[in-house]
Every structure is written in structure tokens, then in C-alpha cells.
Amino acid sequence: MSDVTQATATTGTALTVTEKILARAASLGEVRPGQNHPFRPDYMVAYDFPGYTDLMFKQMHDDFGITEVDDPERYLVFIDHMLSNRNEREEEVHDVTRRWGEFYGITVHEGRGIGHQVAAELGYALPGKFLIHFDGHISGLGAFGALGWGVRRDLLEAWVSGRIFLDVPASMRFHLTGSFAPGVDNRDLIHEIISRVGADGCAHQVMEFTGPGAENMSIGRRQGLCGMAMFTGAVSAIFNPDETALEYARRVARTEFEPLTSDPGAAYTATHEIDLDALRPRVVLPGSARSANTLGVDEAAGTPITRAFIGSCASGRIEDIRAAAEVLRGRRVAPGVQLNVVPTSQLIHRQAEEEGLLDVLREAGANVAISSCDFCFGYARPLQPGEKCISTGVLNISGRMGSTDADIYMGSAYTVAASAVSGRITDPREVVK
């Protein structure tokens with residue numbers, strides 16, 4: 001399944017794609033792991049959230065005296081949380097963000113879907129670009145050959161100064177061969193990787209995906225894979241931009257871009273060889289995405305569920321909705337199970353509607369909701385005490401989707417859909433040919 005080669009030596013001035021992107025962002029000829037430099041991100045991204053961005057907005061103005069910004073087009077702000085209940089509290093949170101954007105001349109993107117996806121659709125996640133966000137799932141933009149880095153509250157440093165000091169990370173390579181078997185996808189791959197390297201196996205590094213298996217993967221699958229990098233301890237993940245990524249970039253690009261790729265002989269802390277053909281569906285047990293909780297689906301099969309969720313910034317793309325429709329076509333969600341499906345963006349929602357996929361899901365008894373983060377973090381239809389849910393969300397710690405007395409299992413869209421039909425955790429290969 002996976003063979004590991006330990007650290008490879010650098011040849012001459014060979015650089016990884018990450019090192020090249022950061023060298024450009026630092027206006028240097030090259031950078032090396034462990035060095036600390038100020039970097040100028042191409043885009044500085046956030047979504048509004050109470051107790052987070054509203055405080056950063058206030059600090060920016062009151063503590064640092066920033067009354068105007070030099071490059072408002074570098075600031076990306078999304079309203080993609082707290083959209084479901086349509087109450088006064090929601091409106092207050094979003095109005096703070098709207099007024100902040102208006103004051104500084106910054107465009108606030110509202111109601112388009114989950115920002116990590118919409119940023120790509122709007123042409124910001126281009127090959128060679130460097131983006132930062134306080135949320136680590138910005139790493140999903142590595143699917144396009146961009147470097148997305150979650151810097152938490154240090155985002156304020158960049159908002160105020162236009163630059164951010166960071167330590168250059170090393171890279172770990174995952175060389176992929178083969179292709180996914182029916183009923184298996186990128187979620188199974190990332191959970192397989194976590195089970196092998198551990199929850200901190202890529203700590204302070206960038207996961208770089210290479211090989212024919214990587215090239216055969218769709219953009220959506222790449223996004224879902226890169227978006228979960230933080231659960232190996234990685235700061236980000238990236239694919240070298242190939243024709244698949246470049247074709248997408250040319251179609252949506254709002255600025256010029258320079259694709260960058262790793263040099264032969266670039267240094268990696270290790271190289272993992274993974275055969276996608278050999279992967280099996282995996283499930284993460286309640287508690288965390290840690291390796292000890294990641295099992296083959298057969299080891300958790302039979303566990304009864306009451307809820308199922310397909311969505312989040314790591315899922316809910318057209319491939320995931322197609323997978324769910326493949327499983328659900330001609331079938332019904334089991335009595336006593338609630339299946340919620342949330343397309344990652346309004347654009348994906350429209351595409352799924354046009355392909356007739358959402359009709360299949362509705363006929364099977366699924367609830368299809370507007371694009372937002374609300375189901376993933378327990379704001380919409382929160383889990384009740386004693387419930388068991390299987391989810392394609394990004395996290396399953398206690399209380400993530402509602403009650404702390406509910407259990408959350410994680411798996412692929414195939415596994416979630418198959419489990420929703422049977423009313424228990426089910427190997428999707430039993431229903432997918």
C-alpha cells in the first residue's frame with residue numbers, strides 16, 4: 001500500500017513548489033526550510049465569525065489606527081457561516097462585516113457558498129499564488145498549485161502590515177499511483193494517510209502530492225484531499241499544477257499567474273508511495289481525526305445511525321453529490337435517519353440541479369440545503385443527545401455538530417450515503433459497482 005523513503009538530499013538549488021511560491025512572496029531568489037522571512041500574500045482571506053473577525057476588525061482600526069488599506073483587492077472576506085436561522089443575531093454579525101468592508105473598500109462575498117470553494121470559483125486560487133486565512137482548511141486551494149496557509153489570528157499581522165513573518169516549512173511527498181476503485185475516494189485516502197503517518201506525522205510541513213494517481217484525480221477530489229491536511233499536522237498541501245489545474249485556472253483567472261512546479265532533486269523529509277487501487281473505504285470513530293480512531297469501514301460496519309451529512313469545505317462538491325446520487329438512485333433513506341446534503345457553493349448547487357442529481361437525492365428522502373458551513377459546525381439542525389451521525393464534515397470532536405452527548409463518525413460521501421440507506425454504517429462497495 002505505502003512504501004516510505006526517508007529524506008532525500010537537495011541537488012544544487014533544486015526547490016519544491018512550496019519553496020518557489022514562498023521565495024516569490026518574499027522577493028528572494030530562494031528560501032529554505034527553517035528560515036524566517038516576511039512574506040507578502042497575494043490574498044488575505046477570512047470569513048466572518050463572532051468573537052473572531054469582529055474583534056480583528058476592531059483591533060485593526062482602534063489599536064493600529066488603520067483607516068485605509070493600500071490594496072483592498074488583496075483582502076477577501078466571505079459570509080458563509082450563520083446563515084440558516086435568519087435571526088437578529090445573525091444579521092448583527094454580518095452587518096459588522098459589511099460595514100467593515102464598505103469602510104475599507106473591500107468586497108464582501110455573501111451567500112455564494114463556502115469561501116474555501118468560492119475563492120477558487122472567483123479566480124483567486126491560481127497556480128503560484130500565496131493565500132493566507134485564519135482557517136487551516138484554506139489548504140484546499142493547493143489543488144490548483146496555489147499555497148493556502150492557515151495562520152490563525154496572525155492574519156491580523158498581514159491585514160495591518162500587508163506582510164506576515166513565517167518559518168519556511170519542509171515538504172513531505174506523497175507519490176500516488178493507480179486510481180480510486182468504485183466506492184472509494186479522496187476522503188478514504190486522507191484517512192489512510194493519517195492512519196499511517198499519525199496525527200502529527202507531517203507537523204509544520206507541506207504535503208506535496210505527485211505521480212500519475214495525483215494527475216488522474218479531479219480538481220474536486222484534489223480540493224477535498226488538500227483541505228484535510230491539517231489533520232496530519234501539516235501547515236498546507238499542494239499539487240504541482242498540471243493541465244487539469246491550468247485549464248481551470250485559465251477559465252476563471254482574474255489576474256495573470258505564473259505556474260510553479262517542484263524541481264527534480266528537490267528535498268523532501270520523506271516520500272510515501274501509495275497505490276490508490278489498494279485503498280479501501282475508511283471511517284473515523286468519534287473523538288477526533290487522530291490515527292488511532294481511523295479504521296476500515298468493515299471494522300465499524302453495523303453501527304446504527306440517526307443522522308447523515310454530506311457537505312463542508314472538504315466535501316459537497318459535484319463529485320460527492322454524484323457519488324451520493326449513485327448510491328441513492330432507486331433507494332430510500334432508512335426510516336429514522338435524517339440525511340442532509342449541502343453543496344459546497346451555489347455554483348455547484350446549480351450544476352447538481354441541472355444534472356438531475358438533487359432530484360435523485362430528494363426522491364430518496366434527503367434534505368438539500370443552501371450552501372453554507374452551518375451543518376458542519378452544528379449551527380443548523382444540531383445533533384441531539386444520544387444521536388449517532390456519519391458525516392463528511394471536517395471534524396468530529398465532541399460537540400462539533402451539536403450535543404456533546406452525540407457521536408460523530410466521518411467517512412466519504414459514498415460511505416455516508418450507503419449508511420443513510422441501511423440505517424447503519426455500511427461499506428459502500430456493497431451497493432456501488
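A crossing is left-handed if the near helix is turned anticlockwise from the far one by less than a right angle, and right-handed if clockwise. The model is predicted: local features need pLDDT of at least 70, side-chain atom pairs count only at pLDDT 80 or more, and totals for chains, interfaces and linings use all residues. Residues are numbered from 1 along each chain as its sequence is written, and side-chain values use heavy atoms, with hydrogens and water left out.

**Exercise 1. Describe the packing of α6 on α8.**

Step 1. Locate the elements. Helix α6 covers residues 186-197 and helix α8 covers residues 219-226. Helices (H or I, at least four residues) and strands (E, at least two) are DSSP runs, numbered from the N terminus.

Step 2. Take the geometry. The two axes lie 9 Å apart, at an angle of about 30°. Axes are lines fitted to C-alpha atoms, for helices over the stretch in contact, and angles run from 0 to 180 degrees between N-to-C directions.

Step 3. Classify. α6 is therefore roughly parallel to α8. Angles under 35 degrees count as roughly parallel, over 145 as roughly antiparallel, 65 to 115 as roughly perpendicular and the rest as oblique. The α6 and α8 crossing is right-handed.

Step 4. List the contact (heavy atoms within 4.5 Å). α6 supplies Asn186, Leu189 and Ile190; α8 supplies Arg221, Gly224 and Leu225.

Step 5. Sort these residues. Three are nonpolar, two polar and one charged. Ala, Val, Leu, Ile, Met, Phe, Trp, Tyr, Cys and Pro count as nonpolar, Asp, Glu, Lys and Arg as charged, and the others, Gly among them, as polar.

**Exercise 2. Do the same for α11 and α14.**

Step 1. Helix α11 spans residues 318-328, and helix α14 spans residues 413-422. Their axes come within 8 Å and cross at roughly 30°.

Step 2. α11 is therefore roughly parallel to α14. The handedness of this α11 and α14 crossing is right-handed.

Step 3. From α11, the contact uses Asp320, Ala323, Ala324, Glu326, Val327 and Leu328. From α14 come Ala413, Tyr414, Ala417, Ala418 and Val421.

Step 4. The α11 and α14 contact holds nine nonpolar residues, no polar ones and two charged ones.

**Exercise 3. Work out the sheet that contains β4.**

Step 1. Write the order. Five strands form an open sheet, β5-β4-β3-β6-β7, with parallel pairing. Two strands pair if DSSP finds at least two bridges between them.

Step 2. Find the edges. β5 (108-110) and β7 (147-150) each pair on one side only. The average twist from one strand to the next is 25°.

Step 3. Check one pair. Strand β3 (residues 43-47) and strand β4 (residues 75-79) run parallel and share four bridges. Alanine 46 has valine 77 of β4 as its bridge partner. Tyrosine 47 is bridged to phenylalanine 78, also in β4.

Step 4. Add the helix. α3 (residues 88-104) packs on the sheet and touches β4 and β5. The direction of α3 makes about 155° with that of β4.

Step 5. Test burial. Buried means under 20% relative accessible area, exposed over 50%, partly exposed in between (1.4 Å probe, protein chains only). Five of the five residues of β4 are buried. Tyr75, Val77 and Ile79 lie on one side, Leu76 and Phe78 on the other.

**Exercise 4. Compare the surroundings of threonine 392 and threonine 269.**

Step 1. Threonine 392 sits in the loop between β18 (388-391) and β19 (407-410). Threonine 392 counts as buried, because its relative accessibility is 0%.

Step 2. Leave out residues up to four places away in sequence. Threonine 392 then touches ten residues' worth of neighbours, including Arg187, Phe309, Ser315 and Val416.

Step 3. Threonine 269 belongs to the loop between α9 (243-252) and β12 (270-275). With 28% relative accessibility, threonine 269 is partly exposed. Its C-alpha atom is 5.3 Å from that of methionine 172, 97 residues away along the chain.

**Exercise 5. Assess the phi angles of arginine 86 and arginine 381.**

Step 1. Recall the background. Most residues other than glycine have a negative phi.

Step 2. Arginine 86 has a positive phi, near 50°. Arginine 86 lies in the loop between β4 and α3, and is exposed at 70% relative accessible area.

Step 3. Arginine 381 has a positive phi of about 45°. Arginine 381 lies in the loop between β17 (367-368) and β18, and is partly exposed at 41% relative accessibility.
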